[in-house]
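Open the structure in your viewer and keep the selection tool at hand. The tour goes from aromatic side chains to pockets.

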Amino acid sequence: MTELLQQVVEGVGSGAVYASLALALVLIHRFTGIVNFAQGELAMISTYVAWQLVASGMSFWLALPVTLAVSFAGGMLVERIVIRPVRSAPELTMVIVTVGLFIFVNAMAGLIWSFTVKDFPQPFPGGGIDLAGVRVDWSTLGIIAVVAAVMGLLYLLFQHTSAGLVMRAVACNPASARLSGIRVGRVLMLGWGLAATVGAVSGVLVAPLLFLEPNMMGGVLIYAFAAATLGGFDSPVGAVVGGLFVGVAETLAGAYVDVIGADLKVGVPLVIILAVLLVRPQGLFGRAAVERA
C-alpha cells in the first residue's frame with residue numbers, strides 16, 4: 001500500500017506539469033477555437049530565456065517574472081503576426097500554421113542555443129518530508145503549489161476583473177462581443193499572451209526534471225493533449241483534473257504493467273486520447289456542441 005501511495009504522489013507531481021501546459025492549450029482553444037500544436041515549443045523557448053537570464057547571473061526567482069513578461073509579449077506577437085492573418089481560414093489551414101510554427105520555433109532555438117543538452121537550475125530545495133512512510137519531495141510540493149497558484153490567479157482574473165469579463169464574453173461569442181464595442185482583436189492577443197505565460201510556467205517546471213534542449217517539450221505536449229482531451233478543451237478545471245489523472249495513470253502503468261514499463265509509458269496518453277474520443281469526445285468537463293437547424 002505504501003508503495004502504491006508513493007507512485008500516486010510521484011504521478012501527481014508529473015501530472016501537475018502536464019496540467020499547466022494543458023491549461024495553456026485550453027486557454028487558446030477557448031478564445032480562438034484553435035488547437036495550438038506549437039504550445040510546447042513556445043514554452044520551450046521561454047524556458048531558454050529563463051536559462052539565459054540565470055546563466056547571465058540573475059537569480060532564478062528574479063529571472064522568472066522577467067521570463068513570464070517576455071512570454072506574454074511573445075504570445076501576443078504570435079497572435080498578431082502569425083495567427084491573425086489566417087484567423088478566418090479553414091481549420092486545416094490553422095493546423096498547418098501551428099505545425100509550421102512548431103517547426104520554426106524548434107529550429108530557431110537550436111540555431112540560437114544549439115541542440116546541446118543543458119542543465120536547468122532546480123528552483124526548489126532538495127530533500128522532502130515523510131508522510132506515513134510516503135516520501136514527498138519539496139520539488140513535488142513546489143510544482144503542485146505553483147500550478148495551484150496559477151489556477152487561483154486565472155480564477156480571480158476571469159471571475160473578478162473587468163478584463164476577465166471581457167475575455168469571457170469574447171470566448172463565448174466573438175461576434176456579439178464585437179457588436180457590443182469590445183476590441184476582439186486586442187482580447188485575442190491578450191488570450192494568446194496569457195496562454196504563452198501559463199505555458200512558460202510548465203516549461204520552467206519541467207526543465208529541472210529533464211534536460212534543457214529544443215525537443216524537451218515534445219513528450220510533455222502529448223501528455224498535455226491527453227489531459228486537455230480528457231478534461232475537455234473548453235474547461236480549465238478539466239485540464240487540471242485531466243493532467244493529474246494522466247500523470248497518475250502514466251506512473252502506475254509504468255510501475256505495475258510489465259508490458260509498458262519505463263519505455264512505453266508514452267503510449268498511455270495516446271490510449272487515453274483514443275478512449276475519450278470514442279466514448280465522450282467533449283471530455284469529462286466539456287460541453288457537447290449543439291447546432292440548430
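The stops below take the rings and then the pockets of this predicted model.

**Aromatic rings**

There are 7 aromatic pairs in the structure. Select Phe60 and Trp61: the ring centres are 5.0 Å apart and the planes stand at 90°, so this pair is edge-to-face. Phe60 is buried, at 11% relative accessible area, whereas Trp61 is exposed, at 52%.

Keep Phe60 and add Phe120. Here the centres are 6.1 Å apart with the planes at 90°, so Phe60 and Phe120 are also edge-to-face. The pair links distant parts of the chain, 60 residues apart: Phe60 belongs to helix 3 (residues 60-83), and Phe120 to the loop between helix 4 (91-113) and strand 1 (128-131). Both Phe60 and Phe120 are buried. Add Phe124 as well, and one aromatic cluster of Phe60, Trp61, Phe120 and Phe124 is on display.

Next, select Trp51 and Lys118. Lys118 lies over the face of Trp51, 5.5 Å from the ring centre.

**Pockets**

Which residues lie nearest the centre of the largest pocket? Select His29, Arg30, Thr32, Gly33 and Ile34, which hold that place among 34 lining residues. The volume of this pocket is about 1,100 Å³. Helix 1 gives the largest share of the lining, 4 residues. The lining divides into 19 nonpolar, 8 polar and 7 charged residues.

For the second largest pocket, of about 330 Å³, select Leu68, Val150, Leu153, Thr197 and Val201, the residues nearest its centre. Helix 3, helix 5 (138-160) and helix 8 each give two or more residues to this lining. It divides into 17 nonpolar residues, 1 polar and no charged.

Notes: Residues numbered from 1 in each chain as written. Predicted model: local features only at pLDDT ≥ 70, side-chain atom pairs only at ≥ 80, totals over all residues. Heavy atoms only, no water. Phe/Tyr/Trp six-rings, centres within 6.5 Å; stacked < 30°, edge-to-face > 60°. Buried < 20%, exposed > 50% of the residue type's maximum accessible area, 1.4 Å probe, protein only. Lys NZ or Arg CZ within 6 Å of the ring centre and 35° of its normal. 1 Å grid on protein atoms, 1.4 Å probe; cavity = no way out; pocket = protein on both sides within 12 Å on 5 of 7 lines; lining within 4 Å. Points joined across faces, edges and corners; volume = space filled by probe spheres on them. Nonpolar A, V, L, I, M, F, W, Y, C, P; charged D, E, K, R; others polar.
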